Amino acid sequence: MNKRTRFIIVLVVLAVCFWFLWPSISWYARTPKDQQSLALGSLEKIKDYTTDKAKGEVDEIIALAEKSPDEHLDPSYDYLVKAAKKNYKELAKAYKEAGQEYDIPSDMTVSNILRAFSGYNPRAAIEDVIEGKYREEILAAKRRYNNSVKLGLDLSGGMNIIVRADLEAALASQKAAAKENDFTDEAQYKKDAMAQAIETLTGRIDKFGLTSPVIRQQGDDRIYIEIPGAADSESVNTIIMGKGILNFRLVDEDETAKFKSYYAVNGAGSFNADGKLKDPSVISDDCEVFGLYRKDDYGLDERIDYLVVKKEIALDGKHVTKAIVTADQTTNQPEVNFILDSEGAEIFADFTSKNVNKRLAIVSDDKIKSAATIRQAITGGSVSLSGGFSVDEAQNIQKVLQTAWLEVPLEVESQQVVGASLGDEAIRQGMMALAVGLALVLGFMLVFYLGAGFNAVVAQILNMYITFAVLSAFNLTLTLSSIAGMILTVGMSVDANVIIFERIKEELRLGKSRAVALNLGFENAFWAIMDSNITTFIAAAFLSQLGTGSIQGFAVSLAIGVCSSVFTALFVSRLMFDFNTDVMKKKNISIGWKIK
């Protein structure tokens, strides 16, 4: 490989690593502490904060307008001035289309800004702009956190949860749906059900990182879970508690109309504290009322209507095998397509043929996620849902279809926050050990190998840089064991430089020139370096697959470190030697006390 190609590869790797690291840099170094606290809170708390903040600031702006209408707002409100100017331009455009003139104020005083939002509810319009500004800032910080390196439970604290799996309910449900002789070994079924529950939870919580959370079985029907960091409470409730068992039900339009007439008179008083109708006789005994929900700007479920559906379940969500979002070929509107298994296809074909032009509701966690009209009998097991969905709405329905069904009902028995009382000290000690180890190793390289040792120093620094970038790229979790793997990598990664330098010294002792000694040194050292690092990588790979928790974190960081150390030794270090040879025109190599 020629020098220019190596140089380009190194630049590309460094640029990509910086791209991977940027979310972590932005979160830990550029996001203010108060904004971090808000971003780590639940979406409900974020919504409450932005709503209250917007109301308070609107009160201050209105008070200022009443006191000093010609005052100008603080520069921090430039976004509000921009929104006001946009409203004035739209208003002037509307007047122009009507054949009239409208003068846009040139001076954006506080009174003119308020006038720009005149309409049915000007206060609400201004609150929406201010709330949107704070919402975007905090949610952007939340996205940065989600894409950054996380600290493990041993460093940052987090959630400690014990979940009970209702195996008896799962067994009873399965017996009811199966033939009488299908169950010969109930103990084996419970064992398989627990394995399935753990596997499902592991897949659902995968977004929290590779080495965390820790998910393991306790006793016969308990699952122990550790989630490091600040997990949103709604995520825990939705993902862990087994809410979201999915089913399809028929919407009863006549009963819906009866309920809405009742609701128009009684409003929120229609329901008791448990969310049940105070007067069940309002609707038929074979029906029940659910809210129809859409995701709001915070990603929270927002009720937009009520529908009455049949209690009888038309189809269980367990029959859904795949769901994807596509675009309608005619309207280009997003639609959700899902595939049913053979049993579900047969059930659904029979049901839809009997209920053409009626609405079918997708019910998850006692919430209606969608209510689409059955246009024709659906056979073959391939179903398409359309109804003017936005892309976000279609993606939300897809997620419901893919993940909402869990055959084993789960219940959270205990949920507590684990404080990171030793976290700061553990981080300090771990980083101190990493820094001291790195300093001692690099100091030795500088003293023993002189100028060539500087190349090793640069290679080691870039090695750590690449390691953290990969951790950030895959949203892996940094634990004490991960730090231990990095410390070990620091010592092991110098081996490649030592092997190369010693081979170069051998060639120099034979009287070879700088260029020839460098070429032969790197060539002769290549397979020795690869052999040792490949065996280490294989061991780390097995540990990462067979180990759990801290062992897995150690193995992952070691494997990443091994790969990055090989790259820096063979590419970066070689490139620095070539630079001094070709650009600086050096004839000798500073690589040892007695080597010239």
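## Exercises: odd phi angles and a buried glutamine

Asn-357 sits in the loop between α12 (342–354) and β11 (359–364); helices (H or I, at least four residues) and strands (E, at least two) are DSSP runs, numbered from the N terminus. This is a predicted model, where local features need pLDDT of at least 70, side-chain atom pairs count only at pLDDT 80 or more, and totals for chains, interfaces and linings use all residues. Residues are numbered from 1 along each chain as its sequence is written, and side-chain values use heavy atoms, with hydrogens and water left out.

**Exercise 1.** Work out the phi of Asn-357 and say whether the residue is buried or exposed.

*Solution.* Start with the backbone: phi is positive, about 70 degrees, though Asn-357 is no glycine. Most residues other than glycine have a negative phi. Next, the surface: Asn-357 has a relative accessible area of 57%, so it's exposed (over 50%; buried is under 20%, partly exposed in between, with a 1.4 Å probe and protein chains only).

**Exercise 2.** Do the same for Leu-450 and place it in its element.

*Solution.* Phi of Leu-450 is positive too, near 55 degrees. Now find the element: Leu-450 belongs to helix α14 (residues 423–473). Finally, its relative accessibility is 23%, so Leu-450 is partly exposed.

**Exercise 3.** Stay in helix α14 and find what Gln-460 touches beyond its neighbours within four places in sequence.

*Solution.* First check burial: with a relative accessible area of 1%, Gln-460 is buried. Then list its contacts (heavy atoms within 4.5 Å): leaving those sequence neighbours aside, Gln-460 meets Leu-438, Leu-442, Val-490, Ser-493, Val-494 and Asn-497.
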